[in-house]
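Thanks for sharing this one. Here are my notes, set out as numbered points so that you can follow them with the model open.

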Amino acid sequence: TALVLFYGGKLAMEGQIQAPSLLSFVFYLQTLNSNFSTLGDFYTNMVKALGAAARVWQLIERDPQMPLEPDMPAEMEKLTGALRLRDVHF
């Protein structure tokens with residue numbers, strides 16, 4: 001961008017192009033640069049998402065460390081007793 005401004009300013013001072021045309025070209029160049037930057041960010045985010053999805057599938061497909069057996073009760077028995085919290089601060 002600096003090179004475009006330098007060379008375009010030189011051409012504008014020599015009268016070969018008009019200053020508004022140079023300004024429009026610089027704005028178009030900035031817009032194009034911004035679009036390519038956004039495209040790069042999109043690609044980076046897609047690669048991150050694919051990596052995260054692969055990890056999620058690994059976790060879904062793994063065997064549990066504690067296998068569930070068919071004769072295990074579906075619900076826990078009702079517990080009785082008291083729970084006391086000491087020196088708990090938030």
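**Notes on the model**

1. Let me start with burial. Of the 90 residues in the protein chain, buried ones make up 6%. Please keep in mind throughout that this is a predicted model.

2. The overall dimensions go with that picture. The radius of gyration of the protein chain is 32 Å, whereas a compact globule of 90 residues would have one near 12 Å. Measured out along the principal axes, the C-alpha trace would be a poor fit to a ball: its spans are about 90 × 40 × 15 Å.3. In secondary structure, the protein chain has two helices and zero strands. Helix H1 covers residues 2–14, and helix H2 covers 19–61. Several residues discussed below, including glutamate 69, sit in the segment after H2.

4. On the surface, the accessible area of the protein chain comes to about 9200 Å². Carbon and sulfur atoms account for 63% of that area. As for charge, the chain carries 7 positive and 9 negative charges, and the mean positions of the two sets are 11 Å apart.

5. How many salt bridges does a search of the whole structure find? The search returns one. In this salt bridge the side chains of glutamate 14 and lysine 10 meet, at 3.3 Å from N to O. Side chains of opposite charge can pair when their charged atoms come close. Both partners belong to helix H1 and are four residues apart, about one turn of the helix. Glutamate 14 is partly exposed at 45% relative accessibility, and lysine 10 is also partly exposed, at 40%.

6. Glycine 8 is worth a look too. Glycine 8 has its place in helix H1 and counts as buried because its relative accessibility is 5%, with the cut-off for buried at under 20%. From glycine 8 to serine 21 the C-alpha distance is 9.4 Å, with their positions 13 residues apart in sequence.

7. Now to helix H2, where leucine 39 is found. Is leucine 39 buried or exposed? Leucine 39 counts as exposed, because its relative accessibility is 53% and the threshold is over 50%. Leucine 39 is also one of the residues in a nonpolar surface patch of about 540 Å². The other residues making that patch are Leu32, Phe36, Phe42 and Met46.

8. Two residues in the segment after H2 can be placed by their distances to other parts of the chain. Methionine 66 lies in that segment and counts as exposed, at 60% relative accessibility. Its C-alpha is 52 Å from that of serine 34, and the two are 32 residues apart in sequence. Glutamate 69, in that segment as well, is partly exposed with a relative accessible area of 47%. Between the C-alpha atoms of glutamate 69 and threonine 38 the separation is 51 Å, for 31 residues along the chain.

9. One backbone angle to check is at aspartate 87, again in the segment after H2. Aspartate 87 is not a glycine, yet its phi is positive, at about 50°. Most residues other than glycine have a negative phi. Aspartate 87 counts as exposed, with 72% relative accessibility.

Definitions and conventions: Residues numbered from 1 in each chain as written. Predicted model: local features only at pLDDT ≥ 70, side-chain atom pairs only at ≥ 80, totals over all residues. Heavy atoms only, no water. Rg over C-alpha atoms; globule rule 2.2 N^0.38 Å. Buried < 20%, exposed > 50% of the residue type's maximum accessible area, 1.4 Å probe, protein only. Areas by Shrake-Rupley, 256 points an atom, 1.4 Å probe, with all protein chains shown as cover. Lys, Arg positive; Asp, Glu negative; His and termini not counted. Charge placed at Lys NZ, Arg CZ, Asp CG, Glu CD. Patch = residues over 30% accessible without salt bridge, like charges linked within 9 Å, V, L, I, M, F, W, Y side chains within 5 Å. Salt bridge = Lys/Arg side-chain N within 4 Å of Asp/Glu carboxyl O.
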